[in-house]
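Trainee: I'm new to this one, so could you walk me through it slowly?
Mentor: Gladly; have a look at it here, and then ask whatever comes to mind.

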Amino acid sequence: MYDLIVIGAGPAGLSAALTACEKGLKKILVIERDKEMGGILNQCIHNGFGLHLFKEELTGPEFAGRFIEKIKETDVEIMLDTMVMDLDENKNVYILNTRGYQKIAAKAIILAMGCRERTRGAIATPGDRGSGVYTAGAAQRYMNMNGYSVGSKVVILGSGDIGLIMARRMTLEGAKVLACVEINSYSSGLRRNIKQCLEDFDIPLYYSHTITDIKCTNNRVSKVIISRVDEKYNVIEGSEIEIPCDTVLLSIGLIPENELSKAAGIIIDERTKGPVVFENMETSVEGIFCCGNVVQVHDLADNVALEAKKAALAACKYVSEESSFERIIEVKANKPISYTVPQKIHLPIEEKLIDVSFRTNRVLGNCVIKVADSGGNVISRYKREYVIPGELEKIKVPVSLIRNEQNNITIFIEED
Amino acid sequence: MIELICIGCPKGCKLLVDENNNYSVTGHSCQIGVEYGRSKILNPTRVLTTIVRIENAIHNSLPVKSSKPLPKDKLIEAAKALKNVVVKAPVKTNEIIVKNILDTGIDIIATRDM
């Protein structure tokens, strides 16, 4: 019987395992389906990682390397090339690897499976079904790890960070990136990536546009048609632009990967597609915690690693002592806030401030984020110059101000 | 006035650089913004991150970077120069892969063990 099993050896899983180990937890196992640790960071060869955590700018592999080196010095057991097939609410983990099928158990579990990319099917892009259409992350792996050339004339659909990073990457590899096409009137990527990945190389970004047709010749992409859309995403007739190309990269969003969570009976939030979590990253199943992109899609690996620490501390506490909470506060969100993490808070707790993160579904200028208790009394407020969907917003909520008779808090935004 | 987005960290501050006033910077949240704003106008540079071929390793490609930021207009040329570089495993993080790329005085180094 393990004290803790961590599923996934990316930034979330490694950070969680290290923290649990530092806190003195003894029998820790990390399970990873890939043949090495590091997760998605291994293919994110660009820099920009670690500014918060290590106070220096690292590439993805360097960032992962910091954790991998540390974990190799500990007694944490790492099981590579191993797929978790099933998980149940009693914290039994069913695994498959070259040694066969096994059932193992732990006192606590941390889910750190990350997320996966949305595909062409998810947005039903019309057109021919030839080769040359990749998700941006798949293309990134082919290019950065397998050393394949992905294409030479490229159109990128979506302006998420991976798409922007790939625009620069393909340009450096000698490809011509002809356009980045974004259906919204704003980007879902970080502003600095628009600057250093598109503008640096004079790559045009078409806002309020989408791909309305993909044409293939000899079974390979030969051109795309892009069209302007209105505010309701209806295609505007007559706005078509034809772009000859051989490759289409899709950067159209990520979905937390929660098949195992669902198997264990964990309640999933339909908004985040990740588990409903408490302030300590515990899921609806006692003793199963989660962190990183399996919970919600983060902007920064640094924040994933920090969230993982929180989950690990809670898991350590769970293993060593009885839980003693008396009641649960629900965290509600009003539009344009799309969701919050956590969705629930245990009370009473030691901490006076609780981190709450959220995204909005549109761009806001000068505004005030407010938190009200169920009686409608505003208990805290936070000024912001802007809030944009592409950047995860964070506030610290003073739970100490939530009075006993309250059963929920609501987060909302007032624009100036 | 030249408007810039600082890329020093993910915050992405909107900087204003006054080219008529000794390139003074406003809109920054920290010193990185001041330095970025000035150098961006006077001498734009970027860290190059790319790959080189590697043999006898777990993958076909080894991730590398420039040990310091390169002049922005040399990025594509430098990436091109690295296309024919082949190394053999094992390689350690920070190991120099190409010394003095394009005579810039800057090295290309490995960013992981492989």
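Trainee: Let's start with a strand: which residue stands opposite Ile28(A) in E2(A)?
Mentor: That is Leu4(A), and the strands here, like the helices, are DSSP runs numbered from the N terminus, with at least two residues for a strand (E) and at least four for a helix (H or I). Before we go on, this is a predicted model, where local features need pLDDT of at least 70 and side-chain atom pairs count only at pLDDT 80 or more, while totals for chains, interfaces and linings use all residues. Residues are numbered from 1 along each chain as its sequence is written, and chains are lettered from A and ligands numbered from 1 in the order in which they are written.

Trainee: And in what sense do strand E1 of chain A and E2(A) pair, parallel or antiparallel?
Mentor: Strand E1 (residues 2-7) of chain A and E2(A) run in the parallel sense and share four bridges, where pairing requires that DSSP finds at least two bridges between the strands.

Trainee: Are the faces of E2(A) covered or not, and which residues are on them?
Mentor: Both faces are covered, with Ile28(A) and Val30(A) buried on one side and Leu29(A) and Ile31(A) buried on the other. Buried means that 20 or more other C-beta atoms lie within 10 Å of the residue's own, exposed means 12 or fewer, and partly exposed is in between, with C-beta atoms placed from the backbone.

Trainee: What about Gly24(A), buried or exposed?
Mentor: Gly24(A), in the loop between helix H1 (11-22) and strand E2 (28-31) of chain A, counts as exposed because it has 9 C-beta neighbours inside 10 Å.

Trainee: Switching to chain B, how many residues does helix H1 have, and how far does it reach?
Mentor: Helix H1 (residues 31-42) of chain B has twelve residues and reaches 17 Å from its first C-alpha to its last, close to the 16 Å expected, the expected span being 1.5 Å times one less than the number of residues.

Trainee: Which residues of H1(B) are buried?
Mentor: They are Gly33(B), Tyr36(B), Gly37(B) and Lys40(B). These residues lie on the same side of H1(B) because they cover an arc of only 100 degrees around the axis, the arc being that of the directions from the helix axis to the C-beta atoms. On the other side of H1(B), Gln31(B) and Leu42(B) are exposed.

Trainee: And what covers the buried residues of H1(B)?
Mentor: The cover includes strands E1 (2-5), E2 (14-18) and E3 (24-26) of chain B.

Trainee: Where is Ile101(B), and why does it count as buried?
Mentor: Ile101(B) is in the loop between strand E9 (96-98) and strand E10 (108-110) of chain B, and it counts as buried because it has 21 C-beta neighbours inside 10 Å. Leaving out residues up to four places away in sequence, the residues it touches include Ser66(B), Ala78(B) and Ala81(B), a contact being two C-beta atoms, placed from the backbone, within 7 Å.

Trainee: Last topic: how many residues of chain B are in contact with chain A?
Mentor: On chain B there are 26 residues in contact with 26 residues of chain A. Strand E5 (49-55), strand E6 (61-66) and helix H2 (75-81) of chain B are the elements that each give two or more residues to that side of chain B.
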